[in-house]
Amino acid sequence: MRTSTKLKLAFAALAATDTWLAGSSRPSAHKARYVTKPLLMPVLGASLATNQKAAGSPLRATTIAAQAAGWGGDVLLLGHSDKMFGAGAGSFGVGHLAYITGFLRNSKAAAMKDNKVALGVAGIWAVTAPGVAFAAYRQEKALGATMLGYSATLAAMVAHANHLDASLPRTARLLTAVGAATFMASDSILGARTFLIPNPPDRLESVVMATYTAGQFLISEGAARAAR
């Protein structure tokens, strides 16, 4: 079995474990996440870095950079303060900029305004983001602008993930688009749980982690299969 495949299996095991721990109310489960959660992105990144078939992928380097920023966000969000939440969002924002950089370098020649999926993502952002940002502002003033900026960056990442050039393999484009949408779903649930839902159930965090890890994995697989 190749090293890359072994690392993918290790990531799947870590993701499943951390997803289960995330939804537990036990203090011991939270402590265990200080081991499982910080390992997620390094293992996923290593699986992409050691994948020989991905060596020629134009999305490989920027995806690994985004995963490194995601590691920072994972670690910071283990804290529970508003300051840590804002810093974690900032780290993930850097990761989305890395993804966008790779997508822009391999985007369609056609203008984004002609992409119906991208326009739909922009519309969803325009309808939902202000409300979440206002709720974040009411909780902590500095978080209002942070959430508005972060959600705009996330929406841009999803839009560009759906605007990749047809010269890339179809499977790579599909995995990237679905992964980006799943990532957005995860953050949408996280935002609702944090700022909109009073006393959210513990298991909602498991949903956040399940969609987050799935999204990161699918984007990574898309990058691995993007070699022309």
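**Figure 1. Asparagine 199 in the loop between α7 and α8.** This close-up comes from a predicted model, as do the views that follow. Asparagine 199 is out in the open: with a relative accessibility of 75%, it counts as exposed. Its backbone is the thing to look at here, with a positive phi of about 50° even though the residue is not a glycine. For context, most residues other than glycine have a negative phi.

**Figure 2. The whole chain, made of 8 helices and 0 strands.** Go along the sequence and the pattern reads α-α-α-α-α-α-α-α. The radius of gyration comes out at 17 Å, close to the 17 Å that the globule rule gives for 228 residues, so the chain is as compact as a globular protein of that length. Along the principal axes, the C-alpha atoms fill a box of roughly 50 × 45 × 20 Å. Of the 228 residues, 47% are buried. Take the contacts with a separation of 6 or more, and 75% of them are between residues 24 or more positions apart. On the outside, the chain exposes about 10800 Å², and carbon and sulfur atoms supply 66% of that. As for charge, there are 22 positive and 10 negative ones, and their mean positions sit 8 Å apart.

**Figure 3. Arginine 193 and glutamate 205, a salt bridge beside the α7–α8 loop region.** The two side chains meet with an N to O distance of 1.9 Å. Arginine 193 belongs to helix α7 (residues 170–195) and glutamate 205 to helix α8, so the bridge ties together parts that are 12 residues apart in sequence. How covered are the two partners? Arginine 193 counts as partly exposed, at 22% relative accessibility, while glutamate 205 counts as buried, at 12%.

**Figure 4. Glutamate 221 and lysine 8, a salt bridge between α8 and α1.** The structure holds 5 salt bridges, and this one has its N and O atoms 2.9 Å apart. It links distant parts of the chain: glutamate 221 is in helix α8 (residues 204–224) and lysine 8 is in helix α1, 213 residues away in sequence. Glutamate 221 is buried, with a relative accessible area of 7%. Pull Arg225 into the view as well, since salt bridges that share partners join Lys8, Glu221 and Arg225 into one network.

**Figure 5. Aspartate 18 and arginine 33, a salt bridge between α1 and α2.** Here the closest N and O atoms are 2.8 Å apart. Aspartate 18 sits in helix α1 and arginine 33 in helix α2, 15 residues apart, and the pair links distant parts of the chain. Both aspartate 18 and arginine 33 are buried.

**Figure 6. Lysine 37 in helix α2, a buried charge without a salt bridge.** Helix α2 covers residues 27–49. What is the nearest side chain of opposite charge to lysine 37? That would be aspartate 74, 4.6 Å away; a salt bridge needs the nitrogen and oxygen within 4 Å, so this pair misses out. Leaving out residues up to four places away in sequence, lysine 37 touches Asp18, Asp74, Leu77, Leu78 and Met209. One of those contacts, Asp18, is the residue bridged to arginine 33 in the previous figure.

**Figure 7. Serine 4 in helix α1.** Is serine 4 buried or exposed? It is buried, with a relative accessible area of 6%. Helix α1 covers residues 3–22. Apart from residues up to four places away in sequence, serine 4 touches Ser47, Thr50 and Asn51.

**Figure 8. Methionine 112 in the loop between α4 and α5.** The flanking helices are α4 (82–105) and α5 (116–139). Methionine 112 counts as partly exposed, at 25% relative accessibility. Which residues does methionine 112 contact, once its neighbours within four places in sequence are left aside? The list is Ala118, Ala159, His160 and His163. For a sense of scale, methionine 112 and alanine 46 are 66 residues apart in sequence, and their C-alpha atoms are 33 Å apart in space.

Terms used
Residues are numbered from 1 along each chain as its sequence is written. This is a predicted model: local features need pLDDT of at least 70, side-chain atom pairs count only at pLDDT 80 or more; totals for chains, interfaces and linings use all residues. Side-chain values use heavy atoms; hydrogens and water are left out. Helices (H or I, at least four residues) and strands (E, at least two) are DSSP runs, numbered from the N terminus. Buried means under 20% relative accessible area, exposed over 50%, partly exposed in between (1.4 Å probe, protein chains only). Contact means heavy atoms within 4.5 Å. The radius of gyration is taken over C-alpha atoms; the globule rule is 2.2 Å times the number of residues to the power 0.38. Accessible areas come from the Shrake-Rupley method with a 1.4 Å probe; for residues, only the protein chains shown count as cover. Lys and Arg count as positive and Asp and Glu as negative; His and the chain ends are not counted. The place of a charge is taken as NZ of Lys, CZ of Arg, CG of Asp or CD of Glu.
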